[in-house]
Amino acid sequence: MSFAQRLADLRLSNRLSLQQVADRVGISKAHVWNLEKGQADNPSMELVVKFADLFRVRVADLVGENPNAADQEPEMVAMFRDLKKLDTRDRETIRVLMNQLKDADAKNRP
């Protein structure tokens, strides 16, 4: 689940309007809307922390980096468990491979 979807789900489950969220974290209603629609990327860490505080969740849950979260794909959780079992050298190899894949993906995007 994306940050945008998590943000929208949290706002709706807390029965808050876009304006109420905007007022509580100190940004515009339009910015909240754009974040929820995935039209505004990379909110600042300060803003992410404000959202996490507002919705009483961990930052890791909000940005989708909690491997123990209920919405994580079982395969991803298993991969994370396997990764934790690797020694430092093997983790570094995986990190280098991941960076190469991300770079290749970025080059192939229009």
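## Helix 4 and its neighbours

The buried residues of helix 4 pack against helix 1 (3-13), helix 2 (18-25), helix 3 (29-36) and helix 5 (59-63). Contact here means heavy atoms within 4.5 Å, and helices are DSSP runs (H or I, at least four residues) numbered from the N terminus. A quick note: this is a predicted model, where local features need pLDDT of at least 70 and side-chain atom pairs count only at pLDDT 80 or more, while totals for chains, interfaces and linings use all residues. Residues are numbered from 1 along each chain as its sequence is written, and side-chain values use heavy atoms, leaving out hydrogens and water.

## Two sides of one helix

So who's tucked away? Helix 4 (residues 45-55) has Leu-47, Val-48, Phe-51, Ala-52 and Phe-55 buried. Looking down the axis of helix 4, these buried residues fall within an arc of 140 degrees, so they line one face of the helix; the arc is that of the directions from the helix axis to the C-beta atoms. Met-45 and Glu-46 are exposed on the other side of helix 4. (Buried is under 20% relative accessible area, exposed is over 50%, and partly exposed is in between, with a 1.4 Å probe and protein chains only.)

Just after helix 4 comes Arg-56, with a positive phi of about 60 degrees.

## Domains

The domain assignment, automatic or from a database, gives domain 1 (3-68) and domain 2 (72-108). Their centres, taken over C-alpha atoms, are 27 Å apart.

## Met-98

Met-98 sits in helix 7 (residues 88-108). With 46% relative accessibility, Met-98 counts as partly exposed.

Definitions and conventions. Helix = DSSP H or I, 4+ residues; strand = E, 2+ residues; numbered from the N terminus.
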